[in-house]
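User: I am new to this structure and would be grateful for a close look at one part of it, set within the whole.

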Amino acid sequence: MLLYHYSVDSYQGGGELINDFKNNFRFAEPFLLALDKGGDCFWSVYFSAMSYARELCALGLRKHENYAKDAVEGIFECVRRREFPADSASRVGCVYYCESKEEAISYLKADCIDSGDFSVEQVKLLEVEVDGARVFRYDQSFYNRAIDAMEQKRDLNAVIALAKAYFSKQRSEEPLIEILSDGKNHVVREIPIV
């Protein structure tokens, strides 16, 4: 199955993309471990991460305070492991894809270029052959709502419910489909970005 992937650092040449190339799991893991110990432990880790993230940004060592996103990723991974262990892909152990080149370019511009975080020269657009048996389509709007629930209300139960909706492949009224795959892949070609 042919899918499209845009990257600022997960592709350095060669024949394949590595699932979780950026090691995002390491940021979600403390929250995942804390959830196993209970809600109080989770919130302790959350507020500690908030403090450290702000300090790292103040020192110029990190561009964004991502502690809420990291917490949500930990919660989603916890729900996935507990309730959907076999028929799912980990958000922090996969490669993200788009259905078409046009969709990938649209996301690449919105996520990388328009934000000012990266230049066109730093981004690569790839056509990739992916193992269709390990391709999963989820409604990203549940994830986006989970981020809002964590940032605005610090509502752990709401985030857990949204993770369940996400991994059970429910669809919202206005779904925003994202494609995750943790299977084997092969980079077919790099596509010039125009």
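Does Asp36 count as buried or exposed, and at what relative accessibility?

Analyst: In this predicted model, Asp36 counts as exposed, because its relative accessibility is 51% and the cut-off for exposed is over 50%. The side chain of Asp36 takes part in a salt bridge with that of Arg82, with 3.1 Å between N and O. This pair links distant parts of the chain: Asp36 belongs to helix α1, residues 25-37, while Arg82 belongs to helix α3, residues 67-83, and the two are 46 residues apart. Arg82 is likewise exposed, its relative accessible area being 55%.

Helix α3 also holds Glu83, which is joined to Lys164 of helix α6 (residues 156-167) across 81 residues of sequence. The closest N and O atoms of this salt bridge are 3.5 Å apart. Glu83 counts as partly exposed at 41% relative accessibility, and Lys164 is partly exposed as well, with a relative accessible area of 34%.

A further salt bridge connects Lys169 with Asp87, where the closest N and O atoms lie 3.6 Å apart. Lys169 is in the loop between α6 and β5, and Asp87 is in the loop between α3 and β2, so this pair ties together parts that are 82 residues apart in sequence. Lys169 counts as partly exposed, at 34% relative accessibility. In addition, Lys69, Glu73, Arg91 and Glu178 are joined into one network by salt bridges that share partners. The count of salt bridges comes to 13.

The setting of these pairs is a chain with six helices and six strands. From the N terminus on, the order of the elements is β-α-α-α-β-α-β-β-α-α-β-β. Among contacts between residues at least 6 apart in sequence, 81% join residues at least 24 apart.

As to overall form, the radius of gyration is 17 Å, which agrees with the value near 16 Å for a compact globule of 194 residues. The C-alpha trace spans about 50 × 40 × 30 Å along its principal axes. Buried residues account for 41% of the 194 residues. The chain exposes about 10300 Å², of which carbon and sulfur atoms supply 50%. Finally, the chain carries 24 positive and 32 negative charges, and the mean positions of the two sets are 2 Å apart.

Technical notes. Residues numbered from 1 in each chain as written. Predicted model: local features only at pLDDT ≥ 70, side-chain atom pairs only at ≥ 80, totals over all residues. Heavy atoms only, no water. Helix = DSSP H or I, 4+ residues; strand = E, 2+ residues; numbered from the N terminus. Rg over C-alpha atoms; globule rule 2.2 N^0.38 Å. Buried < 20%, exposed > 50% of the residue type's maximum accessible area, 1.4 Å probe, protein only. Contact = heavy atoms within 4.5 Å. Areas by Shrake-Rupley, 256 points an atom, 1.4 Å probe, with all protein chains shown as cover. Lys, Arg positive; Asp, Glu negative; His and termini not counted. Charge placed at Lys NZ, Arg CZ, Asp CG, Glu CD. Salt bridge = Lys/Arg side-chain N within 4 Å of Asp/Glu carboxyl O.
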